[in-house]
Structures are given as structure tokens and as C-alpha cells.
Amino acid sequence: MCGIAGLLDPERRAGGDALEALARRMAAALRHRGPDGQGVWADPEAGIALGHARLSIIDLSPAGAQPMASASGRYVLSYNGEVYNAAELRAELERMGHRFRGHSDTEAIVEGFAAWGVADTVKRLIGMFAFAVFDRKERRLTLGRDRLGIKPLYWGRIGGRVAFASELKAFAALPGFPPEIDRDALAAYLCTGYVPAPGCIYRGIEKLEPGTMLAIRADGTVRADRYWSALDVALRGRAVPLEADASEVCASLEALLTDAVTRRMVADVPLGVFLSGGIDSSTVTAVMQANSATPVKSFSIGFHEQGYNEADAAKAVATHLGTDHTELYVTAAEAQSVVPRLPQIYDEPFGDVSQIPTLLVSEMTRKHVTVALSGDGGDELFAGYNRYVQGHRAARALWRLPVPLSGAASQAISLLSPRQWDSVLGVLPARARPRQAGDKLHKLAAVLGADASDYYRVLVSPWADAWRLVEGARRPEPAPFAADIRSRFRDGLAWMQYADTVTYLPDDILTKVDRASMAVSLEARVPLLDHRVVEFAWRLPDALKIRGGQGKWLLRRLLDKYVPKALVERPKMGFGVPIDAWLRGPLRDWADDLLDPAAMVQAGFLDPVPIQVKWDEHLSGRRNWQHFLWNVLMFEAWRREQTPRAQACA
């Protein structure tokens, strides 16, 4: 795992030393991603410079250093990620007569480019990656990103140059970079808690979308090609579902997951696994331990607030599987202490509160290992989110009511505050009472009040109309929510899974894990997002995903082979912290300062009036606006840190 950065100057204005110095400064800004070495390659005649910050994982010797040239000298590569079928690629290339200097996956990739071309090689890769490769013969720079968006890559035109980097902070090293906040991107962020690709909080910079390659010629012209499409995979899978019985499908999934997991257990440095005790991480841990001759190192984080603590469940799974388990209990004060670091770590405003425990567990894990596997992706692939089951089913049933009745139902639910609903429902047994039931009922009320075609956008947003707070911004229209995309799916479940796979998964979940792990120089690997597993999952009939009102049915049956149901069958908790209570208590002064109406007016981005209404409602306990408020707070904290550089759009 590493950081990459560089630039292509079509006008070739800088000499060799100056061009190399720019790339070196960009790479230095990414040292946390790669503390083991810095490398730069430049060709002043072509106006190209590539930078690299190395975290040594495979082939720790100088033979694995980057940027790396092919043996022919034609291709020069700067690459971030891991390719897990590098051994097979290497063997095939050796049969073709190629000779290797080391055993890094980087060398297998760059020699693959030389043998098969860039596009054909990328289609062969199994793994996570973002890369920049320069073809010295064709004078062409190609940027590429893995199929699911596990690894980040930003690019844009700055001062006449085309620049790219793993993180936005690298662009600050370039002269002529005036970071202007994009109001449309800000509006989209407030609705979701992340800036959706290809957007970026800075105007003129974009995220390269997953499954895409960008070819940039010497004259600066750009061409984008999508080599893997999640939409095509989803539609093909739904058109040709698996027809074998459940036991055969489960066996096929086990074989595929075993291959995906064991490939990701190869490293020349210590390796472990994040274990929360949930279905996804427990499955990954179980498969790892079944294929390891020694106890796997597993890691979990605990909180003293029982409603947010998964450490007991993780420990029980670890004990059953026989892993070498490490857990760390964190106090509220310790968790809150990381909040000031978040804007700098995430570069863009980022509002997923689970960024806090993710950073904490990454810091703890890095003290013991350099690589950790995680269970991310299971919810999207195997229909694990509660909204796939209860939310959609309830909304679909209630929409059969005439519009006046559904509107009346929405108003009736809203008569009681979430806290009052929690009191009313407190008479129910704990297992029959949803966690944060009052908040979920108010979310249902919002869904009932929405247009049927817009319900999912409302369902997944803390406040779907938050975009109106940004003067001059347009309403966000994410591509998966467009009518022509929705109409291609015959059922709501498949469309919801697809929408999450191309938005929430790469732009929230994977961004969160990448930035938190890379902030402490830890490589996180995600075997459930092996593209072969993804393609397999899209062929599963709905009955193998949801059964008996419970998601992840097939994954649960696979886990049954390794772990007793009693250890993992519990209500879905999520990975969070009690931000709602913290904002009313120890974080209140911090929040009051950031939500100061006068400061917001002066900054000129957000309308403070509706924000203050929600802040007052939250403080009084009438409503729980934690997620929306956290989005605003993370933007304001980020904006203040960026103030010397960021300017409002005209």
C-alpha cells in the first residue's frame, strides 16, 4: 500500500530538476501512506514526473521500489495497492521469456503492460489498485482505478498541468492551485455525508471513478474508458441467476471466498484481521483461521457504552476460532480526542461517525501488524442492511394506501418525538424492539411523505433537502437514482444494492477505511470485494439473500460451518459512537463554536437558520439530528482548517 502523485505538463515549462522537485513535494505530502521510501521519476522532454511513497508489503528489497520501469524501458509505473494474482501473471510472463529482478507485484504489472498492453493487463488483475503509468513510446499517461473503488485517485488540471494524487493534500504542493469549494459538491455532501464521485469538494478536481482508466496524451487531451461496469455486472447477474440448490451454491461461495481470502494472506510483513463479531468480519476471520497453520492475529475495539460495544461478541468468536486476539477498550474522552484530527486525515468533508472507531482500531492494529483484512462489502453484496428488509417492505406496503392516508400516517408518526416513541416502545421485549426505534420511525415518516420514486434517496439521507442550505447549489442527482437506471431493475432490492455499491460503498465505506488505515500506515484488504465474489453475488436469487425477514442468508449459512449461531446471531449494531449524547455533553462547546451563525454568514456557504433550528431540537431532545449535524460540523471543521487556501466559488 502506498501513495502516488505526479503531473504531466503539455507545455513542458519546467526543467528536469524543477519537474522532479514538484513530484517529490507531492509524494512527500503522502508520506503517511508510504513511510518506507520515497521515489521520483521524471522525463523533462515529455513534461512528465511520477512520485511515489512506499509502504513495503511484498518484496521489501530495493527491487520493489517505485516508480518502476519495465525491462524494456517503455513503461514507467507508480502504483498503489495489491494485486493478488501476481504470481500467476509472473509465471505466464516468464514462460514468454521475461526475466524478473525481484518478486513484487509491481514488477508483474509493469511487465504485463509491456507484454499485453495496459488495457488488457488491467482486465487480468485481481486486487485493489490505483496507478499512473507512462508510455514513453506513445507519450501517453494512463491513470487507472480498481473495479470497486477500494483505492483512491484524484486528478485535475492545475496551472495548465494535469496532476493526480492518492489524496488531495498532495495538490497543495503545486503552484497555481487555488482550491475553490464546489457548491454543488458541498450540497451533495450535506445530503449524504460524503462527496460522491466523480465530484470533489474542490472545483476542477475529480475522483477517477471505479473501473475506469483515463488516457492523457502529450498535448493534454483526455479520454476515459470504463473497463468494468458494476451496472453491467448487476444486470447480467440478475438476468442469469444461479439455479443450483442452496447447499451447492453455499459450497461454491465457500470455495470462492477461500481463494479470495487466502490470496490476501500473502505478505512479507505481519498480517491480521479486523474482527467485530458480526457476520462479515467473522466469516473472513473464520476462513483465514481455517487456512492458517498458526493462530491468526485478530483485533477489535470496545466501548464502555453497551449500546455501542461489540467487543464481547468479537472476543467470543475469536475464542471459538482460536485466534490470537487483541482488544482495546476506549473511553469516551479517548474517542473524542481524535475528532480534531479528522479534517486533516480525510482531506474532504466526511461525515460518517464510524470514522472515529475505524481510526482507533487502525491505530491499535498497526502496533502489531502492517496488513489487516476486513469484512467490508458484505452488506451491499448479500443484502445485509436493515433498510433492504424492513424499510423497503414497510414502505412498499404503506404506499398501497391512498396518498392522503400515507400523508396522514407520516404526520401521525411525527406527533411524538423519537424519545417519546422510545418510551412508548419500551414495553416491548428487547429482541422485538429495534435499536433507536424512535429515530427509525421518524425516518419512516419522512419516507411516507416522499414521492414513491424518491423514497430511497430520502431513506439513506439524514436530511434529503439539506442541499437547499447552500446558496446557488443545484439539487444533487446521483446517476444511480436517475429514472433510466432505476427502470432497468425489475425489483427494488436489486436497485438499492446497486445504488449502494456504486455510491455509498466506494465514497463512504471504502474512503473511511482507506483514510483511517493509511493515516497510520496500515494496509487494509477487503476479500469480500474481490470482483469475482461481487460477480457471483449478483447471480444469487433474492431467496438466498433474504429469508425469514433476515438478510445475508447465504453468508450466514456459510458461517454456520465455522461458528455457532448463538455467537453471531444478534441485532445489527453498526460501528459507531454515541455522537448524539456527546453533542449534548462533552462536545457541545466545540459544536457551538463551529455552528456559530455569524461565522457561517461570514463564510458564505451555509444558511445558518435551519441549522440552528435542528441544533436546538437536538439539544432539547425533541429530535436526534446527530447525523445531519455531524455532516455540518465536519464541513465547518474542515473549512476552518482549509481557510488559508479555500475560497468560495464566484
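Contact here means heavy atoms within 4.5 Å. Among contacts between residues at least 6 apart in sequence, 73% join residues at least 24 apart. The model is a predicted one, in which local features need pLDDT of at least 70 and side-chain atom pairs count only at pLDDT 80 or more, while totals for chains, interfaces and linings use all residues. Residues are numbered from 1 along each chain as its sequence is written, and side-chain values use heavy atoms, with hydrogens and water left out.

**Whole chain.** Display the entire protein, which has 29 helices and 19 strands; helices (H or I, at least four residues) and strands (E, at least two) are DSSP runs, numbered from the N terminus. Of its 650 residues, 58% count as buried, that is, under 20% relative accessible area with a 1.4 Å probe, protein chains only.

**The open sheet.** Select next the 6 strands that form an open, antiparallel sheet in the order 2-3-1-9-8-11; two strands pair if DSSP finds at least two bridges between them. Strand 2 (37–43) and strand 11 (205–207) stand at the edges with a single partner strand each, so one side of each has no neighbour in the sheet. Neighbouring strands are turned by 15 degrees against each other on average, direction ignored. At one edge, 3 bridges join strand 8 (residues 154–158) to the antiparallel strand 11, and glycine 156 stands opposite isoleucine 205 in strand 11.

Add helix 1 (residues 16–28), which packs on the sheet and touches strand 1 (2–8), strand 2, strand 3 (48–54) and strand 9 (161–165). The direction of helix 1 makes about 150 degrees with that of strand 2; angles run from 0 to 180 degrees between N-to-C directions, and axes are lines fitted to C-alpha atoms, for helices over the stretch in contact.

**Helices 7 and 8.** Move to helix 7 (residues 246–263) and helix 8 (residues 279–290), which pack at about 75 degrees with axes 9 Å apart. The two are therefore roughly perpendicular, a term covering 65 to 115 degrees. Leu257, Thr258 and Val261 of helix 7 meet Thr283, Val284, Val287 and Met288 of helix 8. These contact residues comprise 5 nonpolar, 2 polar and no charged. Ala, Val, Leu, Ile, Met, Phe, Trp, Tyr, Cys and Pro count as nonpolar, Asp, Glu, Lys and Arg as charged, and the others, Gly among them, as polar.

**Helices 12 and 21.** Finally, select helix 12 (residues 355–366) and helix 21 (residues 504–519), whose axes come within 8 Å and cross at roughly 35 degrees. Gln355, Thr358, Leu359 and Ser362 of helix 12 contact Lys512, Val513, Ala516, Ser517 and Ala519 of helix 21. By class, this contact has 4 nonpolar, 4 polar and 1 charged residues.

How values were computed: Parallel < 35°, antiparallel > 145°, perpendicular 65-115°, else oblique. Buried < 20%, exposed > 50% of the residue type's maximum accessible area, 1.4 Å probe, protein only.
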